[in-house]
Structures are given as structure tokens and as C-alpha cells.
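Subject: Model for you to look at

Hi there,

I am passing on the structure we talked about, together with some notes on what turned up in it. Please have it open while you read.

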Amino acid sequence: MDYTFDFHAIGQNMGPLIDGLVMTIQLTIAANLVGVTLGFVIALLALSRWAAVRTPVMLFVEFFRCTPAIVQIIWIFYCVPILFDVYFDSLTMGVIALGLNLAAFNAEAYRAAIQTVPREQLDAGIALGLSPIQRIAYIVLPVAVRASVPVLITNGIGSFQQSALVALVGVQDLMYAGKFLATETYRPIETFTVIALIYLAVSFPVSQLVEYLERRRGAASH
Amino acid sequence: MTTSATLQLGNTMKSVASPLADTTRSAALPLVKVAGLHKSYGPQIQVLKGLDIEMKPGERLVVIGPSGGGKSTLLRVMMGLEEIDKGAISFDGKPYISARGDGRKTQIDTAVRREIGMVFQHYTLFPHLNILENLILAPCKVRGESRKDASERAEGLLARFGLGAKARAYPSQLSGGQKQRVAIARALMLDPKLMLFDEVTSALDPELVAEVEQVIMQLAGQNMPMMIVTHDMWFARNIASRVVFCAGGVVVEDGPPEQVLGAPVQERTREFIDRVFHIRQ
């Protein structure tokens, strides 16, 4: 390798990168708020005993799980305004696209967690005279939400990285700032190395947190 | 802890005195009347084929029989956990479970059902609640009892079962035997008039079985009516005032423990008893 790295130009232009990172984090937080709450509602609907409720919800989940995120983002950016005649700024569109995608994945996390609650505990709830709503509120939810936290955080890190895709449609996030800087400075290798390190610096501690949580859960269940 | 439990419960390990000494009660209405119970899982598997059982007040009925014979299903139906195809059950003279047929849902009077408590084989404690919270959840949420009152009663029960020091522990910190004792205490918090025990020691390590059976013996000593499904014939002999042998979804033999366990009349019962005791020796 005879390439000589020169980070000089990047060091002088950290300002736009920081702005981009702030945008990326805002986008991630907003998408996660949508994903965590909407995902929960979707999971409950997906477990409905009525097929008329369950089927459309399952189709929604499968659509987002079985198509590339980049296709979803571009589709929402270009097709939704034309088909439905609604226009939002690019940031809002980014939050919607990433949020819906995340909601579909989180719904599966919640659904799996809800199904880990043993049938016997619900039976015990009936035997103790708890109503169906009380059984959900006091037996299923506390256990399911706790069990799904590691997966929700993992999906959250995924959405942080996936948010780089919205740079393609003009959201001025970290990736967008990086692309801009790379062309400005003629230093794409240095720029994208720094960008990668920034994504890593944010994601790594969070993924360590997930590992810690899973270890603790594993220890508690024995 | 275990020591104090044993001290407290030690004297109950002897066979419990006859519960039918109170003749005025035994002459009264049956406490439980199960009539013509039919239950199937799909068209192929018929679990109950017209099961009839009557239980008098104060009785301790032990239900034995081969796996798939309908014992556990009977208890689950009595608790309203299973739909039935035909039949009806009344408790204390009040009909509370009846089939409506044609695939419609079984009718259950929950107010009557709440007079019955049940303990299951396993996974019964709520893992996110500590022992005390497990005990007071239903009294507070279902009966609207104050947290303070319920906690006081719970502490009392736990102390009685040798679990006083475990009130703030979580289920994962308890042994299997302790968990089952807590599950029994939790059911008792609702002051049931009948307790159902569905193979409560089957999932336990052998050395933990005794402490759970002792607690049930203690309840028996206080004349708590109970219906017990068990594979433990020694326990059955010690606690039963009457034994019912269920097989093929019907009652095959019904009588005092000395008869059903000792000298069964029916061929089918004899085969089962021979096999079970043979395995255990």
C-alpha cells in the first residue's frame, strides 16, 4: 500500500461533519420513537385473533422485511408524493421511511418476546381471577417488554447505520456531509475512513450495552 | 429456613385424620358435581368421554390414572381453562360451567370460579415480580384489597410456609420446591373454598418433593377441600380421603384409598396400580 493518508483537509472541515452527525442522530432518535411505539401496536395487532386485523398487518411487516431499505426509502420519497399527493420536507420523509421500516422489525421483536411468556403463566393468571386486560398488563407486557429490549436496541443501531441511506434523497446527514466533503477536498479515502470511524464510535458502545444486557438476562433466568 | 418449615410441618406428615367426621356436612349438597363431561381436541382425540364425579364438602379427592386419561384436563376444565363439548359442573350447588354445544364458547360464571384455587405443574410464578408481589397481585387487582392489608396477609402465609425470609426474593432465586410452595400460598391468598393441584411435584427434583407435599398435608390438616392429580402413589395414599381412577376419559373406579390403591376391584385399575408400584420399587 503506497497511499499516503492526509487528514489535513478533513480536520479543517469537521464542522459540517459534526452538523451531519447531529442530523443523523436526530433522524435516528425520531425513527426509533416511531419504531418503538408503532412496532408495539403492530405486534399486538399481529397477534389478534381476527384474520381481518392480522392479515393486513402481517403484509405490512413482510413488505418492510422483504424489500431492501434503500428501495423503501426511494419509493416513499418519490412515489408517495405522486400517488397520495402529500408533500413533506426531506427530513420528515426520512423519519417516516426509516420509522416504518424499524416498526416492522421491532414488531417482530415484540411478537417473539410476547410469545416467550409461557402459556402456564396466563393460565395462572386466569386461575387467580385476572381479567384478559389485567393479564396483558400485569403478566405479558412487563416480561415481553424486558425480553425485547436487547433486540430493540440492536434494531436501533441498525437504523442509525441505515439512516446513511437517506443521504441519497437529499437529507443532510453525516453521510451527505461526507459525500460533499469528499468531492470538495478530493480526499474520498480519508473522508470515508473518518465517516466510518464516526459511525463506529457511536454504534460500538451501544452494541456493548446490548451484550451486557443479554448477559445479565441470561444470568437472571437461571 | 428449611429447618423451620420442617419443624412446623413435621407433625403433618402422618396420615391426616378422616375429614368425614363431620357428618352433618357430608350429608349436605356435593361441593363439586361434574356431570357428563365431554372434551375433544379436534375430531380425532377425545380426552373426556362423559366423565362424572361428585365431591362432598371436606373431601380430599386424589385423581390417578395413565397419561392422557383426562385427569389434568378435568382440573383445567374445572378452572375454566378449557372449552368443553358437553356437560356441566356446579360448585357448592351453583352451576358455573356448562357447554353450549355447536362449537360455541363454554359458559363460565367467573364469580363462582373465583372460589376455586389452582396450582400448576410449573412456570407458574410471575418472574418479574418478587414473591410478595406475586402473592398480592390478584388480591389487589381482582378484589381491590389495599396493598398494605394484602401484604400483611401475604407475610403471614409465607411465614407459615417457612418462606418468611423470601418475601423480597425473585422467583429465579428460589428452588423448585420453594417456588411451588409460593404458588400454593399465592392461590390461598384468594381464600379459595376448594384447591386443585395439578401434578404439582412432577417437575421437581426428588429431594424437593417432600417439602411441597408437606405444605399440602398442612392444608389437609385444616380441612381444606382439595382435588389432587398426582403420579406419586405414596402421597396419594397419605392424603386422599377418596381416590378416583380415571382412564380413557371416564371414571373407572372410585372409592376409599385402601380399596383403589390397595385392592382395586376393576381389572383396569389393578393393572395400572401394579405397574406403578412395580416401577417405584
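Below are my notes on salt bridges and on one sheet.

Please keep in mind that this is a predicted model. Counted over all chains, there are 21 salt bridges.

A good place to begin is chain A. A:Glu108 and A:Arg111 form a salt bridge there, with 3.2 Å between the closest N and O atoms. Helix α5 (residues 90-116) of chain A holds both residues, which are three residues apart, about one turn of the helix. Are the two partners buried or exposed? A:Glu108 has a relative accessibility of 16%, and because buried means under 20%, this residue counts as buried. A:Arg111, at 21%, is partly exposed.

Chain B has a salt bridge with a similar story to tell in helix α11 (residues 267-280), where B:Glu267 and B:Arg270 sit three residues apart, about one turn of the helix. Their side chains meet at 3.0 Å, N to O. B:Glu267 is partly exposed, with a relative accessible area of 46%, and B:Arg270 is partly exposed too, at 35%.

There is also a network to look at: salt bridges that share partners link A:Arg119, A:Asp123, B:Lys39, B:Arg76 and B:Glu82 into one group.

Another pair to click on in chain B is B:Arg143 with B:Glu145, whose side chains form a salt bridge of 3.4 Å, N to O. B:Glu145 counts as buried at 17% relative accessibility, whereas B:Arg143, at 39%, counts as partly exposed.

Now to the sheet. Chain B contains an open sheet of five strands in the order β2-β1-β4-β5-β6, and the pairing is antiparallel. Which strands form the edges? They are β2 (45-55) and β6 (107-108) of chain B, each of which pairs on one side only. Further in, strand β4 (residues 86-91) and strand β5 (residues 94-98) of chain B pair in the antiparallel sense over four bridges. If you would like a residue to start from, take B:Phe91, whose bridge partner in β5(B) is B:Lys94.

As a reminder, the strands of a sheet pair through backbone hydrogen bonds, either parallel or antiparallel.

Do write back if you would like to go through any of this together.

Best wishes

How values were computed
Residues are numbered from 1 along each chain as its sequence is written. Chains are lettered from A and ligands numbered from 1 in the order in which they are written. This is a predicted model: local features need pLDDT of at least 70, side-chain atom pairs count only at pLDDT 80 or more; totals for chains, interfaces and linings use all residues. Side-chain values use heavy atoms; hydrogens and water are left out. A salt bridge is a side-chain nitrogen of Lys or Arg within 4 Å of a carboxyl oxygen of Asp or Glu. Helices (H or I, at least four residues) and strands (E, at least two) are DSSP runs, numbered from the N terminus. Buried means under 20% relative accessible area, exposed over 50%, partly exposed in between (1.4 Å probe, protein chains only). Two strands pair if DSSP finds at least two bridges between them.
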